[in-house]
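Subject: Structure for you to look at

Dear colleague,

Here is the structure I said I would pass on. My notes follow below it.

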Amino acid sequence: MHPNPFQPIVDLLSNILEAHTTAFFLVDAKKRQFQLVAAQSLSRHLSESSTLPMEQSGILSQVHKAGQTIRLDKMHEITMALSSTLPFYREGESHIKGLLIQPVGAGDGILYIDTKYSWGFNTKQQKLIREFAELLHQLVKQQDSMRRERSFDRIWELWQQLDYAKFKGGSFQD
């Protein structure tokens, strides 16, 4: 199994769309941040271990709050402001022609895609992005379920050890 289950999905979507950047961020509500868990990018500014505070994540936090997709097409006139709206880009990043930011699940994450090859994303591409977002959502749910199951297994194992110690004369310290 791939060490990062999200990466092959992001890679496939990025290759299909010929995207400049495709990135999947998981939301950590407790820490109030977005954590980059998978990305394929031609930008030298996107770090593989990016963690963005929600308050300083520009358009990503707007998509997360609203729970609705944002699509910007024909961006040639606003690429100068790209670094202020997308915190993982720096000044000098240019020629982005369109971007689409899709919420994943009910606040689980954000799927970000941009392109330098076309002036945006057509209806078929948007539908494909929504389907990939749903696939990522299902994978997040599966990962959470597996994490819970491991926790329950550990709790059950501890309970059995405590039960054994109490009724069979074992040591609680062990």
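Arg 32 sits in the loop between S1 and strand S2 (33–41). Although Arg 32 is not a glycine, its phi is positive, at about 55°. Its relative accessibility is 41%, so Arg 32 counts as partly exposed. Please keep in mind that this is a predicted model.

Glu 18 is another non-glycine residue with a positive phi, here about 50°. The loop that holds Glu 18 runs between helix H1 (7–17) and strand S1 (21–28). Glu 18 has a relative accessibility of 52% and therefore counts as exposed, the cut-off for that class being over 50%.

A third loop residue, Ser 50, is found between S2 and strand S3 (51–53). Ser 50 has a relative accessible area of 10%, so it is buried; the limit for buried is under 20%. Leaving aside residues up to four places away in sequence, Ser 50 touches Phe 34, Gln 35 and Leu 36.

Gln 35 also appears in the lining of the largest pocket. That pocket has a volume of about 260 Å³. Besides Gln 35, the residues that line it are Phe 6, Leu 26, Val 27, Asp 28, Gly 107, Asp 108, Val 140, Gln 143, Asp 144 and Arg 147. Which elements each supply at least two residues of this lining? They are S1 and helix H4 (123–168). The largest share, four residues, comes from H4. By residue class, the lining divides into four nonpolar, three polar and four charged residues.

Now the chain as a whole. The protein chain contains four helices and six strands, and their order along the sequence is α-β-β-β-α-β-α-β-β-α. Of its 174 residues, 39% are buried. Taking contacts between residues at least 6 apart in sequence, 54% join residues at least 24 apart. The exposed surface of the protein chain comes to about 10900 Å², and carbon and sulfur atoms supply 52% of this.

If you open the model, I would start with the two positive-phi residues, Glu 18 and Arg 32, and then go to the lining of the largest pocket, where Gln 35 links back to the contacts of Ser 50.

Regards

Definitions and conventions. Residues are numbered from 1 along each chain as its sequence is written. This is a predicted model: local features need pLDDT of at least 70, side-chain atom pairs count only at pLDDT 80 or more; totals for chains, interfaces and linings use all residues. Side-chain values use heavy atoms; hydrogens and water are left out. Buried means under 20% relative accessible area, exposed over 50%, partly exposed in between (1.4 Å probe, protein chains only). On a 1 Å grid over the protein atoms alone, a cavity is a set of points where a 1.4 Å probe fits but cannot get out, and a pocket is an open set with protein on both sides within 12 Å along at least five of seven lines; lining residues have an atom within 4 Å of a point. Grid points are joined across faces, edges and corners, and a volume is the space filled by probe spheres set on the points. Ala, Val, Leu, Ile, Met, Phe, Trp, Tyr, Cys and Pro count as nonpolar, Asp, Glu, Lys and Arg as charged, and the others, Gly among them, as polar. Contact means heavy atoms within 4.5 Å. Accessible areas come from the Shrake-Rupley method with a 1.4 Å probe; for residues, only the protein chains shown count as cover.
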